[in-house]
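I opened the model to look up how its helices pack and how its chains meet. My notes follow in the order of looking.

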Amino acid sequence: MPDTPDFERGGLPGGSGGMESPRGLPAEPSPRTSTVTASRIAVRKTYKLYIGGMFPRSESGRSYVVTDHKGGFLANAALASRKDARDAVTAARKAFGGWSAATAYNRGQVLYRVAELLEGRRAQFIAETRNAEGIGARQAETTVDAAIDRWVWYAGWADKLAQVRGAANPVAGPYFNFSLPEPTGVVAVIAPQASSLLGFVSVVAPAVVSGNTVVALASECRPLPAVSLSEVLATSDVPGGVINVLTGRTAEITPWLASHMDVNAVDLCGASGPLADDLAVAAAENLKRVVKPGDKDWTLAPGLERMLAYLETKTVWHPAGT
Amino acid sequence: MAKFEYAPAPESRAIVSIKESYGLFIGGEFVPGLDGRAFKTISPATEEVLAEVTEAGPADVDRAVSAARKAYEHTWSQLPGKERAKYLFRIARIVQEKARELAVLESLDNGKPIRESRDVDIPLVAAHFFYHAGWADKLEYAGYGPAPKPLGVAGQVIPWNFPLLMLAWKIAPALACGNTVVLKPAETTPLTALAFAEICQQADLPPGVVNIVTGAGETGRALVEHPGIDKVAFTGSTEVGKEIARACAPSRKKVTLELGGKAANVVFEDAPVDQAVEGIVNGIFFNQGHVCCAGSRLLVQESVYDEVLASLRRRLATLRLGDPLDKNTDVGAINSAAQLARIRELSEAGEAEGAQRWSPPCELPVKGFWFPPTVFTGVSQAHRIAREEIFGPVLSVLTFRTPAEAVEKANNTPYGLSAGVWTEKGSLILWMASRLRAGVVWANTFNKFDPASPFGGYKESGYGREGGRHGLEAYLDA
């Protein structure tokens, strides 16, 4: 985790023609931002990484251009490095103890709080999702609403997983025997490439609800909604380090996560082709729990698979007798 | 060591505004009763009248059931689980937001110490709504088949010992499973249920999903016997529970009953005494003993009897009885004159039958209903105070020599709601737990409640469970 303060250098407006937009909000185009003379210049946001509850730029000092679906400039996102990835794993490991020990009720309330704050920024996320994915207003609304509802759905699972996946086992002897699910640890998540917000939420929430902590690599070409989501996470009682968000090149960062010996599980969702195979092989080194690559229709109701993927089952024997 | 007196630390009641009178909550609005009858609810600590409350007659109950039926058919059963969930989450949040106000109101109307209403009742109310909100869109995972259906309209009658908490135990699972409800709070403690009606309004809960009819036994009877309801849920005395079971027997109504108890709290010789004494005190003096699962029979292994009793008496001498709104108060007021009379009657029977009565030095306020923490020793299993539910701050102490004898005595009751076991030996806890005929067994703790944990009785303590995955069954056609 970077310990040097990350000083802002001031947001200068785009130098050349003074043209604001396409970073503006196409959902609500404002004539005021169309020319310099007409009105004020918008204050742009720097899209940074989210590691250990802080928003550092990449320690490498690199960034990459993120464009909308028509190729227009949106932002310079941080281009995370190997060291950023390793810092994120360290932060996730540090947060694991507290988060996994929190009561399920508490974790549920924290996840619900994310939904509450996301709902409050609904308009912003609709605009950002439209920009990122090039979808229409109606579809963007549906997508953002589904993302909010997904947090609510997973929030409710926090104190029910053990009731659905745990068991009292009737062993043939004077023993009380029960099995409980426990989080596996640090989960590296390669988020879906297409669905920038709903897909991201759908792969991150099922990991953290049971007490795992996450290092998530956002969609390479559509990272901005995930970065904005990290700003929601930072203000919604999710302890720092529980969810860490990286932006950058999938091919560059994922091998370091898949081979990291302090990562317990990896979701290969957003990887494909030979890279995905290589990552799976690398993950075998310390027997990471692996969720296979593959995109899906994230608007559909999720099942339990992604939660179960990151759960260990612990069975306890205790004698019964005088 | 010098003894320090406690300075009064009363919680302000200014946070609560109580109306002069309340109507019935039917179809999302407060409406007057049809025959204009009303009764007063008082503070049991001062006998001050708090408000006038409408007494619902059969025609009012009928209106409420119709409103619930309409809401069930046209609104609530049409709503997807994930949207029902959002209403329950809203309610949970509003309860959290109004926690202080609700705690003060509960202590005023019920007489329980503010420390308990603030730290136990109200947080659990919010937790119950939060927990069940999560189930609303996950019922297919609860183990009752792929698409479990609600029952319809539930008629719910709750007691006065945990007014708002019992409301939450009833309403949260009912709504989560897709039912609508008509709920009757107890006649001595209707105010937090009426405050809850206002919470439903704030949450924009569709009209008719929750209806609240105030009244006494007759109102409750009209509700559970109403042909328009599909489900009866009752918490209260075993006597009334049996009446309800009889009344509903010829119908197709699904019935769950959470009734009386006479729990054994079993202390073995290897138990950590200080911890056990805290558990004994919590077990019987929590909420003035107005707890159906109270540890009202203390079973102590003979070898540690003297030590446990000495320690218990020492601890009881430190309990502070008085103003329920004082944050230092441990023991509040008895809920009603009628309940006080019953506690007195049974305590006198205990003395008459030969048990030895003891209370710590304890000054009782002049106004209101009060009873000092009381311990009976030399109690035999035949004594009324060992058999009947006193529902007050009265502990009956018995002894045993072997684990088998402890089990025998603990189970020697028609009740079977809860039990406590105190020992350092894990295997003995589990051995006892498997033999105690009770729905909840607390080991090295007592009176612990959680929405995720099923609660309910064996035998004449009733049937059905509330809370947890198991509690959903009561409100599903499963």
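Entry 1. I began with H3(A) and H4(A), in a model that is predicted. Helix H3 covers residues 122-133 of chain A, and I read an angle of about 120 degrees between H3(A) and H4(A), with the axes 9 Å apart. An angle over 145 degrees would count as roughly antiparallel and 65 to 115 as roughly perpendicular, so I put the pair down as oblique. I noted the crossing of H3(A) and H4(A) as right-handed. On the H3(A) side I listed Arg122(A), Phe125(A), Ile126(A), Thr129(A) and Arg130(A) in the contact. H4(A) brings Ala137(A), Ala140(A), Glu141(A), Thr143(A) and Val144(A). Sorted by class, the contact of H3(A) with H4(A) gave me 5 nonpolar, 2 polar and 3 charged residues.

Entry 2. I then took the pairing of H4(A), residues 137-157, with H2(A), residues 104-120. Their axes lie 8 Å apart, at an angle of about 165 degrees. I therefore recorded H2(A) as roughly antiparallel to H4(A). The crossing of H2(A) and H4(A) is left-handed. From H2(A) I wrote down Gly108(A), Leu111(A), Tyr112(A), Val114(A), Ala115(A), Leu118(A) and Glu119(A) as contact residues. The H4(A) side consists of Ala147(A), Ile148(A), Trp151(A), Val152(A), Tyr154(A), Ala155(A) and Gly156(A). For the contact of H2(A) with H4(A), I got 11 nonpolar, 2 polar and 1 charged residue.

Entry 3. Next I looked at chain B as a whole. I found 15 helices and 17 strands in chain B. Its C-alpha atoms fill a box of roughly 65 × 50 × 40 Å along the principal axes. I checked the radius of gyration of chain B, which is 22 Å; this agrees with a compact globule of 478 residues, for which a value near 23 Å would be expected. Of the 478 residues of chain B, 59% count as buried. I also looked at contacts in chain B with a separation of 6 or more, and 72% of them join residues 24 or more positions apart.

Entry 4. Last, I asked how many residues each chain gives to the contact between chain A and chain B. Chain B gives 22 residues and chain A gives 20. On the chain B side, I found at least two residues supplied by each of helix H2 (81-97), helix H4 (114-135), helix H14 (426-435) and helix H15 (468-471). I classed the residues of chain B that touch chain A as 13 nonpolar, 5 polar and 4 charged.

Terms used
Residues numbered from 1 in each chain as written. Chains lettered and ligands numbered in written order. Predicted model: local features only at pLDDT ≥ 70, side-chain atom pairs only at ≥ 80, totals over all residues. Axes fitted to C-alpha atoms, helices over the stretch in contact; angles between N-to-C directions. Helix = DSSP H or I, 4+ residues; strand = E, 2+ residues; numbered from the N terminus. Parallel < 35°, antiparallel > 145°, perpendicular 65-115°, else oblique. Left-handed = near helix turned anticlockwise from the far one by under 90°. Contact = placed C-beta atoms within 7 Å. Nonpolar A, V, L, I, M, F, W, Y, C, P; charged D, E, K, R; others polar. Rg over C-alpha atoms; globule rule 2.2 N^0.38 Å. Buried ≥ 20, exposed ≤ 12 C-beta atoms within 10 Å, placed from the backbone.
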